[in-house]
Amino acid sequence: MTLFVAVSVFYTVTLVGNTTIILLSHLDPHLHTPMYFFLTHLSILDLCFTTSCIPQMLVNFWGSDKTISYLGCAVQLYIFLGLGAAECVLLLVMAFDRYVAVCRPLHYAVIMRPSLCHKLAFLVWASGIFGTLVQSPTTMKLPFCHHHQVDDFVCEVPALIRLACGDTHVNELQISVIGAIFLMGPLLLILVSYGHIAQAVLAIQSREGRTKAFRTCSSHLAIVFLFYCSVTAVYIQPRSHFSQKGGKFLTLFYTVVTPTLNPLIYTLRNKDIKGAFKRLLWKDRMASEE
């Protein structure tokens, strides 16, 4: 019941926070920029990501029946893995956007034109579909043990590999390769881009300019750290002792806590979002007075 209450609170904050960001980015013309275009996609991903697993999780927390059907487990796996892979690529795209904004500010509008932004968004969603279609079918074909007890809060690849009673070396190799492509690869590129960003920020003469540049990047860097650290620990070595003992709690962290922190980090530290919210409230107040 403690987990039920805690997860319910986090899920409610996730729904409200991410929906607010989506609405503000759509309604306020000041937020019609590449940064908030990708932030909207991140909010949509987080809404879908949490909704794919948390309602079933809450049902299992609430009652004595803690089961999920084979079909339900398969659907959850496909959606969960696809959205997770898409978010890995999206965080890389957002890092590229910040790199252009800080290191190539005079060319930002030319480089990050709407056509490129839409192509990058398509790449994000296509990558998620590719990732889940590669990993999910082979995972569901594993010879599962007769007890069918998934030692996790959701049906995800590491937990299902641990459930298998047959040879899983091919699946472990496959998830390591997928992890290298969708986790280690993007993380390495993000770190390289932030290395260039750090050099550019230190070269800025004015203190105000350095503060502004740091503020625009720190929110994204915090989300990258929270998401990649927890996911990498679970997926790189699914049969490791750490993954078996602490994997389920890390799963709870990146499925429940991180999507809740994303809108909070971006809204509490972001003057544009605060300004858009105030303008929207002021507009509603003026309309009601008229």
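In this predicted model, Tyr78 counts as partly exposed, at 31% relative accessibility. Tyr78 is found in helix H4. Leaving out residues up to four places away in sequence, Tyr78 touches Thr132, Leu133, Ser136 and Pro137. Tyr78 and Pro137 are 59 residues apart in sequence. In space, their C-alpha atoms are 8.4 Å apart.

The packing of two helices was examined next. Helix H4 spans residues 70-103, and helix H6 spans residues 114-140. The two pack at an angle of about 145°. Their axes are 7 Å apart. The crossing of H4 and H6 is right-handed. By class, the contact of H4 with H6 has 18 nonpolar and 8 polar residues. Charged residues are absent from this contact.

Helix H4 also figures in the nonpolar interior. The largest nonpolar core has 76 residues. Its largest share, 17 residues, comes from H4. Leu91 and Tyr235 have the most contacts inside this core. Tyr235 was followed further. With neighbours within four places in sequence set aside, Tyr235 is in contact with Phe80, Leu81, Glu156, Val157, Pro158, Ile175, Leu183 and Tyr254.

Two residues of helix H2 were then considered. This helix covers residues 34-51, and Thr40 has its place there. Leu45 is found in H2 as well. Leu45 has a relative accessible area of 0% and is therefore buried. Its contacts, apart from neighbours within four places in sequence, are Leu83, Ala86, Glu87, Leu90, Val124 and Trp125. The C-alpha atoms of Leu45 and Pro55 are separated by 16 Å. Along the chain, Leu45 and Pro55 are 10 residues apart. Thr40 has a relative accessible area of 15%. The limit for burial is under 20%, so a value of 15% places Thr40 among buried residues. Thr40 touches Ile22 and Ser25, when residues up to four places away in sequence are not counted.

Helix H3 and the loop that follows were treated together. H3 comprises residues 54-62. Within H3, Ile54, Met57, Leu58, Asn60 and Phe61 are buried. Seen down the axis of H3, these buried residues fall within an arc of 160°, so they line one face of the helix. Lys66 is found in the loop between H3 and H4. With a relative accessible area of 53%, Lys66 is exposed. Exposure requires a value over 50%, so Lys66 qualifies at 53%. Leaving aside neighbours within four places in sequence, Lys66 is in contact with Asn60 and Phe61. Both of these contact partners are among the buried residues of H3. Lys66 and Gln56 are 10 residues apart in sequence. Their C-alpha atoms are 9.1 Å apart in space.

Gln56 also served as a reference for Lys212. Lys212 lies in helix H9, residues 207-235. The C-alpha atoms of Lys212 and Gln56 are separated by 42 Å. In sequence, Lys212 and Gln56 are 156 residues apart. Lys212 is exposed, with a relative accessible area of 57%.

Terms used:
Residues numbered from 1 in each chain as written. Predicted model: local features only at pLDDT ≥ 70, side-chain atom pairs only at ≥ 80, totals over all residues. Heavy atoms only, no water. Axes fitted to C-alpha atoms, helices over the stretch in contact; angles between N-to-C directions. Helix = DSSP H or I, 4+ residues; strand = E, 2+ residues; numbered from the N terminus. Left-handed = near helix turned anticlockwise from the far one by under 90°. Nonpolar A, V, L, I, M, F, W, Y, C, P; charged D, E, K, R; others polar. Buried < 20%, exposed > 50% of the residue type's maximum accessible area, 1.4 Å probe, protein only. Arc of directions from axis to C-beta. Core = buried A, V, L, I, M, F, W, Y, C linked by side-chain atoms within 4.5 Å. Contact = heavy atoms within 4.5 Å.
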